[in-house]
Amino acid sequence: MKTQRPRVLKRIWIISILLLFVLAVTMVIGISVGSTGSNFKETLFSLLGIEKADAMLETIVWRIRLPRVFLATLVGAALSLGGLVFQALLRNPLAEPYILGISSGSGIGAILGILTGMSPFPGVSLAAFAGSMATLLLLLFMTSGKTMLKKNILLLSGVMVNAFCAAFIMFLISITQDDRLHNIIFWLMGDLSMADLPQVWLLAAVVVPCTVLIFCLSNTMNLFLMGKELAQTMGVNIKVITAILLVATSIMVSATVAACGPIGFVGLVIPHLLRLIVGPDHRVLVPACLLGGSAYVVLCDILARTLPEQGEMPAGVVTAMIGAPLFIILLKKSS
């Protein structure tokens, strides 16, 4: 045990440093590139305070691109970790952070916020977060007691909640006839274009504590995969740990969806990909998913901004277009 711990710490440091370098490169590219063009040298000098750029570039970098890249970083980290936790709780590598209906409940709240004329932030974001919390409370009520420990009941409850919320979202869309329909559809695709620093700080205040908690319980998630009986013999209170991980992850994912809408395939593809690369140890997977998911969403957002000749597309479209075929390839390789 004593010889294994330094080995695990060494792996964590090596993988974290490599992925941190990848994330740093993608963040610099994300801040330097946009629909208005790119200038790596001026942007980098402006960020480091070496040389002052022109006023327009300063505004674009500090007020538009920098908050957007930070938001993409937090979103990628939260969704990737959310997928990893749900895969451990449900003991299913195909689980993803929206599997329990959190995103659909958030969607109902956001649509109601848009229809009632709320501002994008904080109005629609707060409405979306309230919708996801209501969904979480409903799910906890449905699976209270010993049923929370049964993964099939938890999974089926989430699927039913998801289906009901999806039907209600379709109803709300069907009765919307004006320009608000475009805002609803754009939000449901997952959009990072409305990022600003207050939104980033608010999301960070939720994501960072949840991330620390998940990392502290990473070894416990290893025991979960070995079975409930073994975990109990190792002194793990399965019901309490399951509730803590479920609530903390759901709150983190809810805050993410409230900030930018549901961005798909991140929590499904990144944990699966990194598990094939670094192995099944959650002590290594948690920091790997944190940094790898962040870099992936930043990269997808760069493509969302630069691929269209005019304007941009929602980041969720790019993550789905890349994530779906990539996941099929990963499934074939893992099988």
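Buried here means under 20% relative accessible area. Keep that cut-off in mind for the legends below, which all show a predicted model.

**View 1. The whole chain: 14 helices, two strands and a half-buried set of residues.**
Start zoomed out. The secondary structure comes to 14 helices and two strands, and buried residues make up 50% of the 335 residues in the protein. The C-alpha trace spans about 65 × 55 × 35 Å along its principal axes. A compact globule with 335 residues would have a radius of gyration near 20 Å, and the protein has 20 Å, so the two agree. Among contacts with a separation of 6 or more, 76% come from residues 24 or more positions apart.

**View 2. The surface and its charges.**
About 16000 Å² of the protein is exposed, with carbon and sulfur atoms supplying 72% of that area. As for charge, there are 22 positive and 14 negative side chains. The centres of those two sets lie 20 Å apart.

**View 3. Cysteines without a partner: Cys260 and Cys289.**
If you go looking for disulfides, the whole structure gives you zero. Cys260 is in none, and its nearest cysteine sulfur, that of Cys300, is 12 Å away. A disulfide needs the two sulfur atoms within 2.5 Å, so that pair does not count as one. Cys289 is in no disulfide either, its nearest cysteine sulfur being that of Cys300 at 15 Å. As for cover, Cys260 has a relative accessible area of 1%, so Cys260 counts as buried. Cys289 comes out at 0% relative accessibility, so Cys289 is buried too.

**View 4. Ser125, buried in helix α5.**
Helix α5 covers residues 120–142, and Ser125 sits in it. With a relative accessible area of 10%, Ser125 falls on the buried side of the cut-off. Skip the neighbours within four places in sequence and Ser125 is in contact with Pro120, Gln199, Ala258 and Ala259.

**View 5. Pro262 and its contacts, in the loop between α11 and α12.**
Helix α11 (238–260) and helix α12 (266–278) are joined here by the loop that holds Pro262. Loop or not, Pro262 counts as buried, at 17% relative accessibility. Leaving out residues up to four places away in sequence, Pro262 touches Tyr98, Ser103, Trp187, Leu188, Met189, Gly190 and Val257. Ser106 is worth picking out as well: Pro262 and Ser106 are 156 residues apart along the chain, yet their C-alpha atoms are separated by 8.6 Å.

**View 6. Positive phi at Arg91 and Phe265.**
Most residues other than glycine have a negative phi. Arg91 goes the other way, with phi near 50°, and is found in the loop between α3 (55–89) and α4 (102–115). Arg91 is partly exposed, with a relative accessible area of 30%. Phe265 also has a positive phi, near 75°, and its place is in the loop between α11 and α12. Phe265 has a relative accessible area of 31%, so Phe265 counts as partly exposed.

**View 7. His182, exposed on helix α7.**
The last close-up goes to helix α7 (residues 180–189), where His182 lies. His182 is exposed, at 54% relative accessibility. For a distance to go with the view, take Thr319: His182 and Thr319 are 137 residues apart along the chain, and their C-alpha atoms are separated by 20 Å.

Key. Residues numbered from 1 in each chain as written. Predicted model: local features only at pLDDT ≥ 70, side-chain atom pairs only at ≥ 80, totals over all residues. Heavy atoms only, no water. Buried < 20%, exposed > 50% of the residue type's maximum accessible area, 1.4 Å probe, protein only. Helix = DSSP H or I, 4+ residues; strand = E, 2+ residues; numbered from the N terminus. Rg over C-alpha atoms; globule rule 2.2 N^0.38 Å. Contact = heavy atoms within 4.5 Å. Areas by Shrake-Rupley, 256 points an atom, 1.4 Å probe, with all protein chains shown as cover. Lys, Arg positive; Asp, Glu negative; His and termini not counted. Charge placed at Lys NZ, Arg CZ, Asp CG, Glu CD.
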